[in-house]
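Please go through the following report with the sequence and the model side by side. The text takes up annotated spans, a small sheet, a helix pair and a covalent cross-link in turn.

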Amino acid sequence: MMERKNLTRPSEFILLGLSSRPEDQKPLFAVFLPTYLITVIGNLLIILAIHSDTRLQTPMYFLLSILSFVDICYVTVIIPKMLVNFLSETKTISYGECLTQMYFFIAFGNTDSYLLAAMAIDRYVAICNPFHYMTIMNLKRCVLLLVLSFCIPHLHSLLHILLINQLTFCASNVIHHFFCDDQPVLKLSCSSHFVKEITVMTEGLAIIMTPFFCIIFSYLRILVTALKIPSATGKRKAFSTCGSHLTVVTLFYGSISYVYFQPLSNYTVKDRIATVVYTILTPMLNPFIYSLRNKDMTQGLTKLRHRVKCQ
């Protein structure tokens with residue numbers, strides 16, 4: 001499997017996956033197929049519940065429905081190819097497919113991040129300026145947040161793919177990962193990464209840190225406002241509206257920080273496992289986190305279930 005060639009652009013890569021042992025492939029397939037189905041069905045139910053219940057027609061739930069849609073796209077970019085490779089002996093991916101997968105992975109991953117920031121802004125307005133909430137978070141501003149959440153990540157992703165496409169690959173064509181991620185692919189290149197690294201440290205850092213700082217700022221303002229509320233019930237209510245979102249943010253950013261905020265040479269099998277958390281586990285857990293800890297969402301799902309039964 002380990003092919004070493006002197007190439008400028010390989011025709012294909014070999015995805016080593018989570019494990020290279022043949023006896024692990026079918027058990028891994030048995031784990032990730034239900035995971036994918038649960039993720040898709042769970043997020044689809046969230047979307048249907050929000051769009052079928054008039055009480056959930058608010059900016060917060062509108063953004064949540066978009067987040068669920070992006071999560072479906074996010075896992076679909078990775079898991080189907082991964083499932084095919086579990087049952088295949090070759091485990092190959094063409095050069096074009098690899099770059100396409102990387103493009104959508106970076107784009108949807110960053111879109112997730114920007115949507116989480118938009119949701120944090122929504123919570124900040126709802127708690128810190130409740131009387132003007134519907135005026136500030138009107139349809140025009142929601143659409144603007146949505147457009148920015150999609151356009152910025154896709155332009156960012158396109159830039160990185162164009163830079164990757166300029167690299168020379170002359171070492172092994174085996175990617176030590178279960179999909180075409182930026183770091184493992186860069187490790188295969190024998191040309192200079194200087195321009196790519198400068199871009200990552202400037203444009204990339206700005207794109208990634210902007211939503212993160214929006215989330216931090218929003219929650220600091222929420223904390224200050226909540227602490228000023230005289231009653232314990234009021235404080236509890238303010239914090240409870242943010243609990244689900246904060247749980248998702250912690251899972252998402254915690255795993256990403258572990259994987260990407262380290263030198264390229266330190267990328268190991270532990271990082272592959274950590275990558276599973278934010279690429280697969282977080283999108284799967286989102287519907288459970290948002291529904292189990294949210295009374296309105298639970299009621300919306302119950303209403304949807306009753307409607308399906310009646311039909």
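## Annotated spans and structural elements

Residues 142-164 are 100% helix and 0% strand, and the C-alpha atoms at the two ends of this span lie 34 Å apart; helices here are DSSP runs (H or I) of at least four residues and strands are DSSP runs (E) of at least two, both numbered from the N terminus. The model is a predicted one, in which local features need pLDDT of at least 70 and side-chain atom pairs count only at pLDDT 80 or more, while totals for chains, interfaces and linings use all residues. Residues are numbered from 1 along each chain as its sequence is written, and side-chain values use heavy atoms, with hydrogens and water left out.

The unreviewed UniProt entry places the feature "transmembrane region" at several spans, including 62-83 and 142-164; such annotations may be inferred rather than shown by experiment, and their positions are given in the numbering used here.

| Span | End-to-end C-alpha distance | Helix | Strand |
|---|---|---|---|
| Residues 62-83 | 32 Å | 100% | 0% |
| Residues 142-164 | 34 Å | 100% | 0% |

An open sheet of 3 strands, with the order 2-1-3, shows mixed pairing, where two strands pair if DSSP finds at least two bridges between them. Strand 2 (92-94) and strand 3 (174-175) stand at the edges with a single partner strand each, so one side of each has no neighbour in the sheet. Strand 1 (residues 12-15) runs parallel to strand 3 and is joined to it by 2 bridges, with L15 standing opposite I175. Helix 3 (residues 95-128) packs on this sheet, touching strand 1, strand 2 and strand 3, and its direction makes about 85° with that of strand 2; contact means heavy atoms within 4.5 Å, and angles run from 0 to 180 degrees between N-to-C directions of axes, which are lines fitted to C-alpha atoms, for helices over the stretch in contact.

Helix 5 (residues 139-164) and helix 7 (residues 194-228) have axes that come within 11 Å and cross at roughly 175°, and the two are therefore roughly antiparallel, a term for angles over 145 degrees. Among the residues making the contact are I152, H156 and L159 of helix 5 and V195, K196 and T199 of helix 7.

The structure holds 1 disulfide, a pair of cysteine sulfur atoms within 2.5 Å. This disulfide joins C98 to C180, with 2.1 Å from S to S, and links distant parts of the chain, since C98 lies in helix 3 and C180 in the loop between strand 3 and helix 6 (182-187), 82 residues apart.

Notes: Parallel < 35°, antiparallel > 145°, perpendicular 65-115°, else oblique.
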